[in-house]
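Work through the exercises below with the structure open beside the text, and try each task before reading its solution.

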Amino acid sequence: MTRILLIVGGGIAAYKAAELIRLLKKRGHAVRCVLTDSGAHFVTPMTLAALSEDKVYTTLWDLKDEAEMGHIQLSREADLIVVAPATADLLARMAGGLANDLATTILLATDTPVLAAPAMNVRMWGHVATQRNVAQLRADGITVMEPDEGPMACGEFGPGRLPEPAAIAAAIEAALKPVARRLAGRHVLVTAGPTHEPIDPVRYLANRSSGRQGFAIAESLARLGARVTLVAGPVTLVTPPGVDRIDVETAREMADAVADALPADAAVMVAAVADWHVAAAPQKMKKGAAVPVLQLAENPDILARVAQGPDRPRLVVGFAAETERVVEHAVAKRIRKQADWIVANDVSGDVMGGGANTVSLITADGIETWDRLPKPVVADRLAERIADALSDPV
Ligand code: CTP
């Protein structure tokens, strides 16, 4: 039996949550409800409790509830968290990472998948702030359904209505569909993030990589059942569930960690490895008469080493961050480094550190350009392609 935690926000559509609970129960799911303060103005805890046949949670400040079932545990016990109706205010608080009531505290404390079904006035939905929040939530990996279009309780017409309970139930079923663990028994090595190359004990050379795309790829691969070793440069990201992470600082440390992690069935080199390092000064360099000149020395090319080394994984995937003639450079890079695939991305805009990515996949068979997609979606697609490639007979 799957366990759904349903967060009911405050909007006239909250009454439809009752119907949603009924549908979900009929399909054999266990439903537990969290009702926000404003949600309680539209639907009573009693209604939700009767339909869900469970206690309804409404506040962070109930000593008895916290003792029996803390908010962290509430979120962890669910297979899926559903926010319906997700009001403009609730979406904004989610997008901002606020935790000022029980619902948002649960949402911030969880790594369980979240599905949100928005409902609000048509102008609120169309407002640039709401659209920005929705884009942010999607980039963060939250599934935000499109609202329905039609006459609204406020008398206006347009998109903003809560999707029908049956449509929400169908989206829930899709979100719960077990992923085929197609990479079970495989070992995949992923590099991610920037490297830092010290100049002296307090200064370093770096780049703008956030590590988000690489971490998302590690997460998607682990979800497909792979044993994932993630060699990460200095980033501020949490380790995805089920991933073995090795933290490094410099390119040379990354090269060593990668060599130690082999053999692997596939290697996905997403890291933005610094091309050069300097001979670091042992003490902090002081300002003096002469401006220091940094003497750069080349770093090992980790991707090329892996692709051309004795332990070569069956599939070697590189990334190419380019600011001009993206595909042309990437095609040349694939051949020069002897990678099987290159994922090329144009980093002249807001890709580095941002939530979305437009990539081209370059293989021996040709070039495919994908639409601009949230990084987690790029990661899922790439992981599926890696699973396809590894399932081909050698
Ligand atoms: N890479 C690597 N080790 C390096 C440099 C790059 O493993 N020292 C990998 C990256 O992880 C990425 C790919 O090589 O998968 C492409 O990196 P990029 O910096 O774009 O290529 P370069 O060889 O540095 O070429 P250029 O900077 O001239 O574009």
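## Exercise 1: the shell around the ligand

In this predicted model, 15 residues surround the ligand, and the closest of them are M269, V273, I302, L303 and G318. The elements that each place two or more residues in this shell are α12 (302-308) and β17 (315-322).

**Task.** Find which element gives the most residues to the shell around the ligand, and work out how the shell divides by class into nonpolar, polar and charged residues.

**Solution.** Begin with the elements: the greatest contribution to the shell comes from β17, which supplies 4 residues. Then turn to the classes, where the shell around the ligand holds 9 nonpolar, 3 polar and 3 charged residues.

## Exercise 2: the chain and its domains

**Task.** Describe the protein chain as a whole through its secondary structure and its extent along the principal axes, and then say into which domains the chain is divided.

**Solution.** First, the secondary structure of the protein chain amounts to 14 helices and 22 strands. Next, the C-alpha trace of the chain spans about 70 × 60 × 45 Å along its principal axes, and of the 394 residues in the chain, 42% are buried. Where contacts link residues at least 6 apart in sequence, 69% of them join residues at least 24 apart.

The division of the chain gives domain 1 (3-176) and domain 2 (187-391), whose C-alpha centres lie 37 Å apart. Between them, 6 residues of domain 1 are in contact with 6 residues of domain 2. On the side of domain 1 that touches domain 2, the residues divide into 1 nonpolar, 2 polar and 3 charged.

## Exercise 3: strand β4 and its partners

**Task.** Explain why strand β4 (residues 80-86) is described as largely enclosed by the rest of the structure, and identify the strand that joins β4 through the pair formed by V82 and its opposite residue.

**Solution.** Start with burial: 6 of the 7 residues of β4 are buried, and the strand is therefore largely enclosed by the rest of the structure. Now consider the pairing with strand β1 (residues 3-8), which runs parallel to β4 and is linked to it over 4 bridges; within this pairing, I4 has L80 of β4 as its bridge partner. A further 4 bridges join β4 to strand β5 (residues 114-118), again in the parallel sense, and here V82 stands opposite L115 of β5.

One further detail of β4 concerns its backbone, for the peptide bond from A84 to P85 is cis, with omega near -5 degrees, and P85 has its place in this strand.

## Exercise 4: the nonpolar cores

**Task.** Name the members of the largest nonpolar core that touch the most other members, and then list the contacts of V188 beyond its neighbours within four places in sequence.

**Solution.** The largest nonpolar core has 61 residues, of which V188, V190, I217, L221 and V317 touch the most other members. Taking V188 and setting aside its neighbours within four places in sequence, its contacts are L183, L221, A226, V228, A264, D265, A266 and V268. There is also a second, separate core of 50 residues, which includes A13, V56, V83 and L115. As background to this exercise, nonpolar side chains in soluble globular proteins tend to be buried together.

## Exercise 5: residues in loops

**Task.** Decide whether E53 counts as buried or exposed, and find where in the chain Q338 lies.

**Solution.** E53 lies in the loop between α2 (45-52) and β3 (56-57). Because E53 has 11 C-beta neighbours inside 10 Å, and 12 or fewer is the cut-off for this class, it counts as exposed. The phi angle of E53 is near 55 degrees, a positive value in a residue other than glycine.

Q338 is found in the loop between α13 (326-337) and β18 (341-346), and its phi is near 60 degrees, a positive value in a residue other than glycine. With 14 other C-beta atoms within 10 Å, Q338 is partly exposed.

**Task.** Place P263 in the chain and state which residue is joined to P263 by a cis peptide bond.

**Solution.** P263 belongs to the loop between α11 (251-261) and β14 (266-269). The cis peptide bond joins L262 and P263, with omega about 5 degrees.

Methods. Residues numbered from 1 in each chain as written. Predicted model: local features only at pLDDT ≥ 70, side-chain atom pairs only at ≥ 80, totals over all residues. Near = placed C-beta within 6 Å. Nonpolar A, V, L, I, M, F, W, Y, C, P; charged D, E, K, R; others polar. Domains from an automatic or database assignment. Contact = placed C-beta atoms within 7 Å. Buried ≥ 20, exposed ≤ 12 C-beta atoms within 10 Å, placed from the backbone. Pairing = 2+ DSSP bridges. Core = buried A, V, L, I, M, F, W, Y, C linked by C-beta atoms within 7 Å.
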